[in-house]
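Trainee: Please pick one part of this structure and look at it closely with me. After that, I would like to follow the details outward in one connected account.

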Amino acid sequence: MSHATASAPTPALVPTHCPYCSLQCGMNLRGSGATVEVVERDDFPVNRGALCGKGRTAPAVLSSQARLTGPLVRRPATGRLEPATWEEALRATADGLRGTRAAHGADAVGVFGGGGLTNEKAYALGKFARVVLGTSQIDYNGRFCMSSAAAAHNKAFGLDRGLPFPLEDIPRTGCVILVGSNLAETMPPALRYLTELKENGGRLIVVDPRRTKTAEQADLHLAPRPGTDLALALGLLHLVVAQGRTDEEFIRARTTGWEEARAAAMAHWPELVERITGVGVPQLRAAVGMFCDVPAAMVLTARGPEQQSKGTDTVGAWINLALATGNAGRPLSGYGCLTGQGNGQGGREHGQKADQLPGYRRLDDPAARAHVAGVWGVDPDALPGPGRSAYELLDALGRDVKALLLMGSNPVVSAPRAAHVEERIRALDFLAVADVVLSETAALADVVFPVTQWAEETGTMTNLEGRVLLRRRAITPPEEVRSDLEVLHGLAGLLGHEKGFPTDPEEVFGELRRASAGGAADYAGISYRRLEEENGVFWPCPEAGGSAGEPHPGTPRLFQDRFATPDGRARFVAVVHREAGEETDAEFPVVLTTGRVVAQYQSGAQTRRVAELNAAAPGPFVELHPQLAARVGVADGEPVAVVSRRGRAVAPARVTDGIRPDTVFMPFHWAGDGRANTLTNPALDPVSRMPEFKVCAVRLERVEHLEHVDGG
């Protein structure tokens, strides 16, 4: 870190945001090059100055020792990635994409994006895929994050925004049910909202098969068997009905579909739910009491219930619980999703999803196609239709999809059935990757573009509240590093589109505003100037609509007067419990669930390059209960193998009574022998196409010595 001397002037502070999770915590940066310092920024309301270790150490990845500093091209003579000029890298990529398209058709070229890309990059990437490449084969890793919640949101409310209210509302409600989130580790600055909730007399119910640091804060911890959250939600709704605690006036005035949803829930009586979930009937009754004995309450879900082959229905069941008790569309109440990735919200709004156009428009909607095509200056009929979802796209690599342009993602570590995905990536005729580091996926590429990082570029992000933010450039990138927008601009020019792909992010955002105008995620009234002056603006924010000719103020709280459905009413969706895509049996008798640890982030491509974070979380582990450890014959710290129908992973055992005896947990941040996603099941939710990361059947095997575990 840099520290000004007594005689030197204090360098200016640049207000910006953390590069990691969906909180997008505010921070100030001071310094330049390798001497960038993070300084507390207490004017941003989400984190009020607080940062976790990842945010505090984020400048470490700016170091030339940690990151890519020049383009790489794989040389046929050696088979190795070697330094190249930008002209050579761009031409090799343009030739690879053009040649594949000519030989096999437009849909033989795929594009894979990331939930960490700025809104401008995500928008430009979707436009590039559809206008320049003419391919339908584009999706992004955000499909693996919150797609089930998004699908359930749209079904119930007609609109998907992670939180329909600001985080500041959480401490003022009466009760929060937090389902499948360990935010004490995944987004530590957000824990204060739950702490303040309890200080204000509110109650906290945490649903998690593990006694996490978040669960330790709960007034009531429910620990269901992984994959049974749907039955749990239905059992709670059954009790709400049986105890006469439904809000009949709200149901009549503001919802539809109640009778069908009620009938479905009544088939899940408490004793049946106890048998399915392992949560006792007294705990079920206690949860209903806490939730219904207050004037307002919230349900918040995260990856636990969402990353399942029935994730959309599971989230829908929790939404039904909120609707039946009148806890939606009212102050200090509602259902919300705790989005994970930094721009997981904005990334799914502006066109890098397989079925989507900017403004959260549907690609199969003729009016949406006409509007966006008008902004882009193309024929609506020239736009391709919807393509494959993320896992289906990865599974098609080397077969139907022969070439791939990948930006800001590391599926070799993060995708389910990762060994198979790695095999499919290796089968490609051509792969180009744009990233800040040489990730495990980038290491397989034919061309690697070194691109700018958060502190080296300006652009917008949209956090989990739907608050659009301005990330500001604070330092100059290395000489041979360019932005993703420059990569797309260069490729578009070589592929015959010299116009339409500007490199200035504010110019791109201006076009995004026009493309989103009138859509569900309307950014038309948002400008860089407003974001600077107002510390963020909540969408939807149309061009006009304020009082007395003033600009639209943005929408911090949704659904207060009506829901975003054609009739303004929220929709109950009748759902019933069903088994996971893969249940345990005699051969694979244990359930594996996966997640994150506080000192690492996602695939670890960046955080594994930070010494302080690696010291705190040096490698993978297998968390298991003492009873299970005794059956396997493994002690704490000893190596244990976890085997599924898809592969085998080895890591040290971490023995604790804070997990169910029938369940093991592995974090998914590492590659190599300890790669958790070698094991996970790609069974897909039929609506969201979310893979089932959180539930798969495994067995444990004792190993005589710790096999090599690559921590990246």
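Mentor: Let us begin with R654, whose charged end sits over the ring of F621, 3.6 Å from the ring's centre. Keep in mind throughout that this is a predicted model. A comparable arrangement is found for K127, which lies over the face of F501 at 5.0 Å from the ring centre.

The R654 and F621 contact leads us to a pocket. The second largest pocket holds about 390 Å³ of space. It is lined by 23 residues, and R654 and F621 are among those closest to its centre, together with E185, V597 and E623. Sorted by class, this lining comprises 10 nonpolar, five polar and eight charged residues.

From there we can turn to the largest pocket, which encloses about 550 Å³ of space. Its lining is made of 27 residues, and those nearest the centre are N154, K353, D355, Y360 and R362. Two elements, the helix α4 (147-157) and the strand β15 (361-362), each contribute at least two residues to this lining, and α4 gives the most, with five. By class, the lining of the largest pocket has nine nonpolar, eight polar and 10 charged residues.

One of the residues nearest the centre of that pocket, Y360, deserves a closer look for its backbone. Most residues other than glycine have a negative phi. Y360 is not a glycine, yet its phi is positive, at about 65°. It is found in the loop between β14 (356-357) and β15, and with a relative accessibility of 14% it counts as buried, because the cut-off for buried is under 20%. L332 also has a positive phi, near 65°, without being a glycine, and it is placed in the loop between α13 (311-324) and β13 (334-337). In contrast to the buried Y360, L332 counts as partly exposed, at 22% relative accessibility.

The backbone offers another point to inspect. Most peptide bonds are trans. Between W539 and P540, however, the peptide bond is cis, with omega at about 0°, and P540 belongs to the loop between β21 (537-538) and β22 (570-571).

Let us come back to rings, this time paired with one another. Across the whole structure, a search finds 12 aromatic pairs. In one of them, F559 and F563, the ring centres are 5.3 Å apart and the planes meet at 40°, so this pair is tilted; a plane angle under 30 degrees would have counted as stacked, and one over 60 as edge-to-face. Both partners are buried, F559 at 10% relative accessibility and F563 at 1%. These two do not stand alone, for ring pairs link F157, F559 and F563 into a cluster.

Next come the cysteines, where it helps to recall that a disulfide is a covalent bond between the sulfur atoms of two cysteines. The structure holds zero disulfides, and two cysteines show how this can be judged from distances. The sulfur of C175 has its closest cysteine sulfur in C292, at 8.8 Å, which is too far for a bond because the two sulfurs would have to be within 2.5 Å. For C696, the closest cysteine sulfur is that of C145, at 19 Å, again too far for a bond. Both cysteines are buried, C175 with a relative accessible area of 0% and C696 with 1%.

Cysteines appear again when we ask about enclosed space. The structure contains eight cavities of 30 Å³ or more, and the second largest of them holds about 80 Å³. Its lining has 14 residues, of which C18, C21, C25, C52 and P189 are the closest to its centre. By class, that lining divides into 10 nonpolar, three polar and one charged.

Finally, consider how far a chain can travel. L531 belongs to helix α21 (residues 528-534) and counts as buried, at 2% relative accessibility. P589 is 58 residues away from L531 along the chain, and their C-alpha atoms are separated by 52 Å. As you go back over the structure, start once more at R654 above the ring of F621, and then follow the lining of the second largest pocket around from there.

Technical notes. Residues numbered from 1 in each chain as written. Predicted model: local features only at pLDDT ≥ 70, side-chain atom pairs only at ≥ 80, totals over all residues. Heavy atoms only, no water. Buried < 20%, exposed > 50% of the residue type's maximum accessible area, 1.4 Å probe, protein only. 1 Å grid on protein atoms, 1.4 Å probe; cavity = no way out; pocket = protein on both sides within 12 Å on 5 of 7 lines; lining within 4 Å. Points joined across faces, edges and corners; volume = space filled by probe spheres on them. Helix = DSSP H or I, 4+ residues; strand = E, 2+ residues; numbered from the N terminus. Nonpolar A, V, L, I, M, F, W, Y, C, P; charged D, E, K, R; others polar. Phe/Tyr/Trp six-rings, centres within 6.5 Å; stacked < 30°, edge-to-face > 60°. Lys NZ or Arg CZ within 6 Å of the ring centre and 35° of its normal.
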